[in-house]
Amino acid sequence: MDTVITAAELARAQRASGAAPVVLDVRWELGGPPGRQEYERGHVPGAVYVDLDTELAGPPGRAGRHPLPEPEAFAAAMRRAGVCTGSEVVAYDGGTGWAAARAWWLLRWAGHERARVLDGGLAAWREEGLPLQTATPAPAEGDFTARPGAVPVLTADGAAALARTGVLLDARAAERYRGETEPVDPAAGHIPGALSAPTAENLTPGGRWRTPQELADRFAALGVRPGTAVGVYCGSGVSAAQQVLALERAGIAAALYPGSWSEWCADPAREVATGPAPG
């Protein structure tokens, strides 16, 4: 199954006979209010709103701003959304793919392989002229069970080691990597040895996913090829999931560092690098 589905393909799948995909609305903005109000103004028909801060993450703390949720808490959120063991799940957000990829990655982490992200998010759905719904659906309770550990996860020590022995990609904007600005976390800079790889470059100027070959070429230029040990981090483990998805589209398996920079810089004993080159 491809990791991405177009708006037209999702609309056809919803009209087809048989079980329709479970659709998750995961709209979220860094530092912004929850996306529920936007959801209530209009969403893909049948979509269930899932709150990233409370259902796709644990409580913030020294483990980061968006640590992994407890498996049973995540499973309960998916069951509430109607996800069953064999369900196809499609997640979407406002268009960057960050939050949608977080849902996709967590489903994969929990052992559920039938998950995809809507290419271009809700903006693409609107551009196709497809209808929106304001009513909140009430799906039947699903039977989803979390079996965490299906995909690789990095600790802070593991990320530091990978930066020395493989390739560790920093998915944040380049100016945050260089340490020129840090709007959220208490220290500016990057993990020593990490390479800057902003997530914006995984998408076209129109906000659609680049082709698998284009992504493969992008990551090859960063030294990442099939067989390379690679990991990804960002500010708090959200946009990094989008990068993991991009790598998977390019045929490359990657580990996610969920704590990311927010966990790394919470410990003053950890080294911080700045500047345009790996430190």
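In the predicted model, helix H5 (residues 98–109) packs against helix H10 (residues 239–249) at an angle of about 70 degrees, and their axes lie 7 Å apart. H5 is therefore roughly perpendicular to H10. The crossing in which H5 passes H10 is left-handed. On the H5 side, the contact is made by Trp98, Ala101, Arg102, Trp104, Trp105 and Arg108; these residues meet Ser239, Ala241, Gln242, Val244, Leu245 and Glu248 of H10. Taken by character, the residues of this contact comprise 7 nonpolar, 2 polar and 3 charged.

Arg108, which is located in H5, illustrates the surroundings of this contact. Its relative accessibility is 19%, and Arg108 therefore counts as buried, the cut-off for that class being under 20%. Apart from residues up to four places away in sequence, Arg108 touches Glu113, Ala150, Val151 and Glu248. Of these, Glu248 belongs to the H10 residues that take part in the contact between the helices.

The partner helix H10 is mostly covered, with 10 of its 11 residues buried. The buried residues of H10 are Ser239, Ala240, Ala241, Gln242, Gln243, Val244, Leu245, Ala246, Leu247 and Arg249. Several of them also meet H5, among them Ser239, Ala241, Gln242, Val244 and Leu245. After H10 comes Gly251, which has a positive phi near 85 degrees.

Each of the two helices also packs on a sheet. The sheet associated with H5 is open and consists of 5 strands in the order S1-S5-S4-S2-S3, with parallel pairing. Its edges are occupied by strand S1 (4–5) and strand S3 (48–49); each has a single partner strand, so one side of each remains without a neighbour in the sheet. S1 is joined to strand S5 (residues 115–118) by 2 bridges, and the two run parallel. Within this pairing, Ile5 stands opposite Leu118 in S5. H5 packs on the sheet by touching strand S4 (89–92) and S5, and the direction of H5 makes about 175 degrees with that of S5.

The sheet associated with H10 is likewise open; 4 strands form it in the order S7-S6-S8-S9, and the pairing is parallel. Strand S7 (195–196) and strand S9 (255–256) stand at the edges of this sheet, and because each has a single partner strand, one side of each is left without a neighbour. Strand S6 (residues 167–170) and S7 run parallel and are joined by 2 bridges, with Leu169 of S6 standing opposite Leu195 in S7. H10 lies across S6, strand S8 (230–233) and S9, and runs at about 150 degrees to S8.

Leu195, found in the edge strand S7, was examined further. With a relative accessibility of 23%, Leu195 counts as partly exposed. Not counting residues up to four places away in sequence, the residues touched by Leu195 are Val167, Leu168, Leu169, Asp170, Tyr177, Leu222 and Pro278. These contacts include Leu169, the residue that stands opposite Leu195 in the pairing of S6 with S7. Leu195 and Val232 are separated by 37 residues in sequence, and their C-alpha atoms lie 9.6 Å apart in space.

Notes:
Residues numbered from 1 in each chain as written. Predicted model: local features only at pLDDT ≥ 70, side-chain atom pairs only at ≥ 80, totals over all residues. Heavy atoms only, no water. Axes fitted to C-alpha atoms, helices over the stretch in contact; angles between N-to-C directions. Parallel < 35°, antiparallel > 145°, perpendicular 65-115°, else oblique. Left-handed = near helix turned anticlockwise from the far one by under 90°. Contact = heavy atoms within 4.5 Å. Nonpolar A, V, L, I, M, F, W, Y, C, P; charged D, E, K, R; others polar. Pairing = 2+ DSSP bridges. Buried < 20%, exposed > 50% of the residue type's maximum accessible area, 1.4 Å probe, protein only.
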